[in-house]
Amino acid sequence: MDGAALHRSISCSPLACNRFLFSSPKLAPSFLPKSSVVAARRHHRLSNGSLSCRGLRRFSRLSAAPQSSSLRFGSRHFSSLSTRAVASPPTQPSPEIAGVQDEVAEKLGFEKVSEQFIGECKSKAVLFKHKKTGAEVMSVSNEDENKVFGIVFRTPPKDSTGIPHILEHSVLCGSRKYPLKEPFVELLKGSLHTFLNAFTYPDRTCYPVASTNTKDFYNLVDVYLDAVFFPKCIEDFQTFQQEGWHYELNNPSEDITYKGVVFNEMKGVYSQPDNILGRTAQQALFPDNTYGVDSGGDPNVIPNLTFEEFKEFHRKYYHPSNARIWFYGDDDPNERLRILSEYLNLFNESTAPEESKIAPQKLFSEPVRIVEKYPVGEGGDLKKRHMVCLNWLLSDKPLDLQTELELGFLDYLLLGTPASPLRKALLESGLGDAIVGGGIEDGLLQPQFSIGLKGVSEDDIQKVEELIMSTLEKLSAEGFDKYAVEASINTIEFSLRENNTGSFPRGLSLMLRSISKWIYDMDPFEPLKYEKPLMALKAKIAEEGSKAVFSPLIEKFILNNPHRVTIEMQPDPEKASCDEATEKEILEKVKASMTDEDLAELARATEELKLKQETPDPPEALRTVPSLSLHDIPKEPIQVPTEVGDISGVKVLQHDLFTNDVLYSEVVFDMSSLKQELLPLVPLFCQSLLEMGTKDLTFVQLNQLIGRKTGGISVYPFTSSMRGKENPCSQIIVRGKSMAGNAEDLFNLMNCVLQEVQFTDQQRFKQFVSQSKARMENRLRGSGHGIAAARMDAKLNVAGWISEQMGGISYLEFLQALEEKVDNNWNEISSSLEEIRKSLLSRKGCLVNMTGDGKTLANTEKFISKFLDLLPSHSPVETAIWNALLPSNSEAIVIPTQVNYVGRAANLYDTGYQLDGSAYVISKHISNTWLWDRVRVSGGAYGGFCDFDTHSGVFSFLSYRDPNLLKTLDVYNATGDFLRELEMDDDTLTKAIIGTIGDVDAYQLPDAKGYSSLLRYLLGITEEERQRRREEILSTSLKDFKEFADVIDAVKGKGVSVAVASPDDVEAANKERSNFFEVKKAL
Ligand SMILES: [Zn+2]
């Protein structure tokens, strides 16, 4: 099998990993570049599922991704090639898509408002109104088996206490029909969901689920409906305390601390400079309406929230009258209404829709300037670490879709690719390291535009502002390059037709798009229909020229718009400790104000809460959560059609799958002959291939050519251990996609990128280095667990060591040194890049992977043959020896933060353990029970989980935004005992098995299927092995859990620990446990 492992490794696309990094891309591609999602300020419920893709394990392509992920809202999906990626549309339209019988709807209490066929997604969509409550329901029917349900409430907050966010967490902690601690976690454990999460936006809260199994789907829907309408949390103060905030006092003689999952999650968010910038900008742009406060919660304000306010918020807004409900997929539309009516009929109409209306922000008559501080570590040149960002509110009301589409194109033209003029001007100016601000953001009532730079010198702030304005003025006066316009049209059109939502269900992407207008009482159908506005725009460009379209937009919405907020962010090395001191002071005052009786009572309440958290749910409560049985589970793994052939002496894998006329292809080169010292240069080598240009083409021209002819090309390293082999698998993968008719262009361009690009542009290379450095620093703050995981891996196996060289702390250190070297020793770097190319490019050790329909595959063979014939045929010099590991000491990477990331890992294969499928079930169970309960629920961390890399044998524990350090390590060390004492009834075991199969069988769009099959081929995983692992998973018993206890004790005994943590916590830990951690400063 290894579906799970592969699933995990490939889900580490920028897209997936960023799901819980607030500083990053929106989830769903949409035809308007950013509609649907306001990623930066949205808060996700964290599921172990999403966390287990840890970004760094086989992450390296993140650092080599063609687009900068430093944009606040995102790598633009138009040109991004997510590895999970792509898809066929919900197959062919069916003339007889099941329809709702109007009389059935009527009988169930619904009236039909409107019905439309949406050609763009080949779906029939019907809008209903629930007569008694006014609840609106969009019922979308098509042939997509990946069914989606979502319920969305308008939840505008009045202050920054984080009510909507805390409520989002809390309603999933038990309900009327499902009276257990966390039904959400039970669903994570034991369902076949393809999506399960909840999001808080600045003005709405959204609860989506998805599954391909109809029975499972309706189970999920019922649990979610019961949760939002009848949650236990509104009567249970302890849930409010646990998810929101509470004072913790273990012993009257100790200090009082704040605890709470959201409290800690937001402390993490408030530790990240990009998030501070995004929030400051939003609040300054909207001083007068609900967007002027933080729906996620400001850690300084969260403790003002009372239980009464919390309950009242639920009563007011979580009401059918204030709900918008979405169904999508191939299930029976009558059944949807039947399920809903059971809930909705219990309510009467309320005034919520009036009370939850979002008032628009009036436009300023004068620009505003704001200076804000953000925390940095001590040392380093603080002068060069300022940020500056210009933000505009574009309009005093929502825009029509045509204008939004035009602004989306404008955004892509300005910033979408490295060759886009505004982005290029900023990065080439040398005034800063990386872009901040996400361009156009249209997920809220009124659209915004923001752009700026970080890593700016104090003296250059003014210059950055002037450069932004003058570049926009110039573009408005001169218009855009003809080829740039052509490339952007092709790229956007390709993306729309490909409709590649990656690991994200298509129906969810559509829902978020529709909701982004529907939530403001606008037409929910319109956002789904892109053909007409797209054609209109293309015609306008063809008739009047692009300048006539885009120049007025730049002038009206940006240059002549006085509603501009300039944010300057200053680095403050004292800020983190200051904030901590303030918090301590407040808590000391609280304690001083308490009598001895109060303190005793608080200690008792603390203990009571802990006890409750640690007491498992009774079996009868657990049984209320509906689940499938093992009979519902297919006995065989999902097969991907694969034919292994040969073209010009090179192995070619072909996957005959329906892809709606798109060809996906990967060309893989063996990296194993690369000299060790060249490894850290590989990510920059990959970026150079795509962004340096050739003798005949500037990089801008090359980039435009790729945009005009293909759906995108990316180049990145892939590294993994191989089970039972000493040498790791290490490759460079070149990925590309195009319409079938452009296959020849695709391979010509791949050849051009690989063979003709010249490594001569010193200035551009220097930018790559500073961008990469900025990105690594960002990752260190935002996903320290990934950095810690990579570091531990590097101490335990060679593949991990290689990855760390190309994306961990070692890589950051390499970049820091490289920055100087580019100035002093460019020739050496340039020839090293050439040397990497020489050592990689050879027909020997090359492999081609193709996914498309049979006809496309057959037609493409001749282009592949030509491509391969152009490759050098020399054999690579012998395999290089990379016998490097990092020392196996325990390390603390110290950064300015208020939360920690704590890891511990060991290689289980070193202890003689032989892989058995049960290990997948067991490690998932450990994450979902032991670690969830101890690290998250009672520990107060945002997340805690474990990961078993079955290729290397490395088993790691990790925590995420954790207030603790040593305490968390103690929890990890007690895992063996947890397993030894584990009691488990058959139901629970079955759920654990089904949940594991759900991971293994994760829903994949066709290109992702082809890609997974390629990775299995590279890692030597056979179909027989997949079948065997599946059988082992299905027959996992309690005995396996108990036996695993001794195996996992190796992590306690022989493991290494790495924490990314705050200086104070590390100091305290080293005092308590005589210098347990070796300290390393990173920022
Ligand atoms: Zn949250």
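**Exercise 1. Does a lysine have to sit outside?**

Is lysine 773 buried or exposed, going by its relative accessibility? Work it out, then look at what surrounds this residue.

*Solution.* Keep in mind that we're working with a predicted model.
- Step 1: find the residue. Lysine 773 sits in helix 28, which covers residues 762-782.
- Step 2: apply the cut-off. Buried means under 20% relative accessible area. Lysine 773 comes in at 12%, so it counts as buried.
- Step 3: check the neighbours. Leaving aside residues up to four places away in sequence, lysine 773 touches Leu812, Leu815, Gln816 and Glu819.

**Exercise 2. Another lysine**

Place lysine 232 in the chain, classify its accessibility, and say which residues it touches.

*Solution.*
- Step 1: lysine 232 belongs to the loop that links helix 8 (214-229) with helix 9 (237-243).
- Step 2: the relative accessible area of lysine 232 is 28%, so this residue is partly exposed. The class runs from 20% to 50%.
- Step 3: skip residues up to four places away in sequence, and the contacts of lysine 232 are Cys173, Gly174, Ser175, Pro179 and Leu180.
- Step 4: take serine 175 from that list. It is 57 residues from lysine 232 along the chain, yet their C-alpha atoms are separated by 4.8 Å.

**Exercise 3. Reading a sheet**

Write down the strand order of the six-stranded open sheet, pick out its edges, and then see what packs across it.

*Solution.*
- Step 1: the order is 17-18-22-19-21-20, with mixed pairing.
- Step 2: strand 17 (643-647) and strand 20 (712-720) each have a single partner strand, so they are the edges, and one side of each lacks a neighbour in the sheet.
- Step 3: for the twist, neighbouring strands are turned by 25 degrees against each other on average, direction ignored.
- Step 4: zoom in on one pair. Strand 19 (residues 662-670) and strand 22 (residues 847-852) run antiparallel and are joined by five bridges. Within strand 22, threonine 851 is the bridge partner of tyrosine 664.
- Step 5: add the helix. Helix 33 (residues 854-869) lies across strands 17, 18, 19 and 22, and it runs at about 155 degrees to strand 22.

**Exercise 4. Who holds the most core contacts?**

Which residues of the largest nonpolar core touch the most other members, and which helix gives the most to this core?

*Solution.*
- Step 1: the core has 88 residues, and the top contact-makers are Val667, Phe669, Leu681, Leu684, Phe765, Leu780 and Leu868.
- Step 2: helix 27 (residues 743-756) is the biggest giver, with eight residues.
- Step 3: follow one member. Beyond residues up to four places away in sequence, phenylalanine 669 touches a set of residues including Ile732, Val734, Leu754, Leu840, Leu841, Cys846 and Leu871.
- Step 4: don't stop there, as a second, separate core of 71 residues includes Ile151, Leu167, Tyr207 and Val228.

**Exercise 5. Check a helix**

Compare the expected span of helix 38 with its end-to-end distance, and decide how enclosed the helix is.

*Solution.*
- Step 1: helix 38 (residues 1006-1018) has 13 residues, and at 1.5 Å a residue it should span 18 Å. The multiplier is one less than the number of residues.
- Step 2: the end C-alpha atoms of helix 38 are 19 Å apart, which agrees.
- Step 3: eleven of the 13 residues are buried, so helix 38 is largely enclosed by the rest of the structure. Among them are Asp1007 and Arg1016, alongside Leu1014, Leu1015 and Leu1018.
- Step 4: look just past the end of helix 38, where glycine 1020 takes a positive phi of about 70 degrees.

**Exercise 6. A strand with two partners**

Describe both faces of strand 27, then its pairing with strand 23 and strand 24.

*Solution.*
- Step 1: Val1056, Val1058 and Val1060 point one way, while Ser1057, Ala1059 and Ala1061 point the other.
- Step 2: six of the six residues of strand 27 (residues 1056-1061) are buried, so this strand is largely enclosed by the rest of the structure.
- Step 3: strand 23 (residues 891-894) runs parallel to strand 27, with four bridges. Here valine 894 stands opposite alanine 1061.
- Step 4: strand 24 (residues 901-907) runs antiparallel to strand 27, with five bridges. There glycine 903 stands opposite valine 1058.

Conventions: Residues are numbered from 1 along each chain as its sequence is written. This is a predicted model: local features need pLDDT of at least 70, side-chain atom pairs count only at pLDDT 80 or more; totals for chains, interfaces and linings use all residues. Side-chain values use heavy atoms; hydrogens and water are left out. Two strands pair if DSSP finds at least two bridges between them. Helices (H or I, at least four residues) and strands (E, at least two) are DSSP runs, numbered from the N terminus. Axes are lines fitted to C-alpha atoms, for helices over the stretch in contact, and angles run from 0 to 180 degrees between N-to-C directions. Contact means heavy atoms within 4.5 Å. Buried means under 20% relative accessible area, exposed over 50%, partly exposed in between (1.4 Å probe, protein chains only). A nonpolar core is a set of buried Ala, Val, Leu, Ile, Met, Phe, Trp, Tyr and Cys residues joined through side-chain atoms within 4.5 Å.
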